[in-house]
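Subject: Model for your review

Dear colleague,

I am passing on the structure we talked about, and I would be glad if you could look through it with the notes below at hand.

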Amino acid sequence: MKEIKHFINGQYVGSASGKLFDNVNPANGQVIAKIHEAGEAEVDAAVKAARAALKGPWGKMSVAERTEILHRVAAGITARFDEFLEAECQDTGKPKSLASHIDIPRGAANFSVFADLVKNVPTEAFEMATPDGSGALNYGVRRPKGVIGVISPWNLPLLLMTWKVGPALACGNTVVVKPSEETPSTTALLGEVMNAAGVPAGVYNVVHGFGGDSAGAFLTAHPDVDGITFTGETGTGETIMRAAAKGVRQVSLELGGKNAGIVFADADLDKAIEGTLRSAFANCGQVCLGTERVYVQRPIFDAFVARLKAGAEALTIGEPNDPKANFGPLVSHKHREKVLSYYQKAQDEGATIVTGGGVPDMPAHLAGGAWVQPTIWTGLPDDSPVVTEEIFGPCCHIRPFDTEEEAVELANSLPYGLASAIWTENASRAHRVAGQIEAGIVWVNSWFLRDLRTAFGGAKQSGIGREGGVHSLEFYTELKNVCVKL
Ligand SMILES: NC(=O)C1=CN([C@@H]2O[C@H](COP(=O)(O)OP(=O)(O)OC[C@H]3O[C@@H](n4cnc5c(N)ncnc54)[C@H](O)[C@@H]3O)[C@@H](O)[C@H]2O)C=CC1
Ligand SMILES: O=C(O)/C=C/C=C(\O)C(=O)O
């Protein structure tokens with residue numbers, strides 16, 4: 001059986017302990033590979049390799065040389081598009097139609113966009129007066145932060161890992177990545193692309209394993225890691241913050257959400273239905289930006305619910321290679337247990353199950369997969385856990401509202417603040433409401449429309465810091481002020 005090894009100092013290496021765990025295809029439950037689990041020794045070797053590369057060839061390269069190499073990495077992903085696609089879809093079960101449009105192209109773009117960006121970002125300069133009249137000049141220079149620990153999740157594995165690695169390397173850092181234990185393959189494959197592109201050994205390192213008491217915890221606790229960037233659950237973010245406090249290391253955290261969609265009676269209903277269908281069900285609902293709470297103005301409530309139900313029931317459930325499929329399985333049976341526990345809770349609390357609420361009948365060869373039905377509820381109280389907690393599954397609760405003020409209050413009522421989508425044809429209302437929503441990202445008449453130059457991150461318990469465009473540079477570099485007395 002195929003083995004997935006760590007990538008340390010430009011080479012694939014196994015664990016000294018010999019510990020392996022299963023990589024499972026969630027579409028059929030079959031084990032597709034054995035993954036090496038890193039111990040402290042492998043994590044330490046990876047961090048040492050990253051430090052040496054920082055002091056060595058990577059640290060000495062000009063920005064032009066570095067960014068040229070990163071463009072070759074982007075081209076390398078594109079050249080091996082089908083291999084990345086296959087690996088991503090086997091790990092996650094997601095439809096190829098989705099991954100070929102989102103995950104893999106973004107994996108390449110995350111390198112090329114930041115390679116271009118770092119060449120064009122100026123720093124500040126201030127002239128100042130001095131008592132002797134000669135003056136002084138201050139100017140900023142950016143330097144790499146150092147060795148960056150990257151902890152990435154399983155929902156958009158290549159996209160979210162490279163969203164961190166791309167800017168980190170463009171800024172001159174070196175990285176040690178710990179991908180999710182559920183989805184190691186594309187992170188592993190990227191090592192081959194790095195070598196072929198001429199990235200010096202030790203710049204990009206990968207260690208596999210779990211979170212607590214495993215590779216994730218060893219990496220975040222390692223004293224020679226200078227900064228940690230993480231996407232995942234809010235509780236894990238808190239644990240990582242605590243680990244980073246030792247040694248006062250900076251963190252960038254993109255955490256959970258329980259995002260609200262607000263549909264006003266004046267919305268273009270076709271657009272609102274299409275967007276809400278995507279935001280609730282794309283990637284089987286496993287997108288941190290997804291809409292799990294939908295607030296619909298009363299005059300169009302019944303029509304909206306009926307049309308969203310029809311849209312959900314028209315989704316085609318199937319395995320990644322099925323060209324008609326636009327709805328795959330959840331990432332794992334463990335995650336399915338969590339999602340189904342909320343389906344049960346909704347039923348126990350007396351929700352109206354508009355559609356779904358269970359497990360679909362699948363053909364025999366897919367019966368071992370982590371399938372669930374797209375699900376819509378109405379009628380739950382605002383304090384139900386189904387309405388207040390991140391489920392991260394293909395489901396949403398729809399509730400009516402009457403006034404703009406009420407919609408804003410409902411949207412802001414939770415400790416999360418990642419993203420929101422507002423649907424209205426009234427431009428004044430769109431700006432007014434967008435300004436009041438407590439979230440890092442607000443879409444108007446759209447969802448998941450991404451310009452990589454923009455700030456991306458969460459408010460409240462949905463994260464700390466922003467990445468994207470120049471904001472990534474804020475995290476991945478140290479801005480130093482040089483003050484020259486003239
Ligand atoms: N993009 C997002 O916002 C994501 C949110 N989630 C949410 O989190 C829930 C649980 O999923 P998990 O995979 O368990 O998410 P998680 O947040 O525990 O895992 C994400 C990453 O963090 C690592 N990790 C976990 N504990 C760690 C620790 N103590 N130190 C260092 N690294 C650690 C994991 O190995 C993985 O690489 C999901 O049901 C979903 O609600 C999960 C994945 C992505
Ligand atoms: O477009 C992006 O950079 C990120 C999208 C999605 C997530 O961050 C997520 O689902 O975690």
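What follows concerns ligand 1 and its surroundings.

Please keep in mind throughout that this is a predicted model, and that the values below are computed from it.

As for where the ligand sits, the space that ligand 1 takes is the largest pocket. Because domain 1 (3-256 + 462-485) and domain 2 (260-444) both contribute residues to the shell around ligand 1, the ligand lies between them. The elements that supply two or more residues to this shell are helix H9 (215-221), strand S11 (227-231), helix H10 (234-245) and helix H13 (333-348), and H10 gives the most, with three residues.

Turning to the shell itself, there are 27 residues around ligand 1, of which Trp154, Lys178, Glu181, Glu233 and Lys338 come nearest. By character, the residues of the shell divide into 11 nonpolar, 11 polar and five charged.

Several polar contacts can be picked out individually. Lysine 178 places a polar side-chain atom 2.6 Å from an oxygen atom of ligand 1, while a backbone N or O atom of serine 152 lies 2.9 Å from an oxygen atom of the ligand. On the side of asparagine 155, an N or O atom of the side chain is 3.4 Å from a nitrogen atom of ligand 1. With regard to burial, ligand 1 has 810 Å² of accessible area on its own, and the protein covers 90% of that area.

With best wishes

Conventions
Residues numbered from 1 in each chain as written. Chains lettered and ligands numbered in written order. Predicted model: local features only at pLDDT ≥ 70, side-chain atom pairs only at ≥ 80, totals over all residues. Heavy atoms only, no water. Near = heavy atom within 4 Å. Polar contact = N/O pair within 3.5 Å; in protein donor to acceptor, adjacent residues only side chain to side chain. Areas by Shrake-Rupley, 256 points an atom, 1.4 Å probe, with all protein chains shown as cover. 1 Å grid on protein atoms, 1.4 Å probe; cavity = no way out; pocket = protein on both sides within 12 Å on 5 of 7 lines; lining within 4 Å. Sits in = over half its atoms within 2 Å of the grid points. Helix = DSSP H or I, 4+ residues; strand = E, 2+ residues; numbered from the N terminus. Nonpolar A, V, L, I, M, F, W, Y, C, P; charged D, E, K, R; others polar. Domains from an automatic or database assignment.
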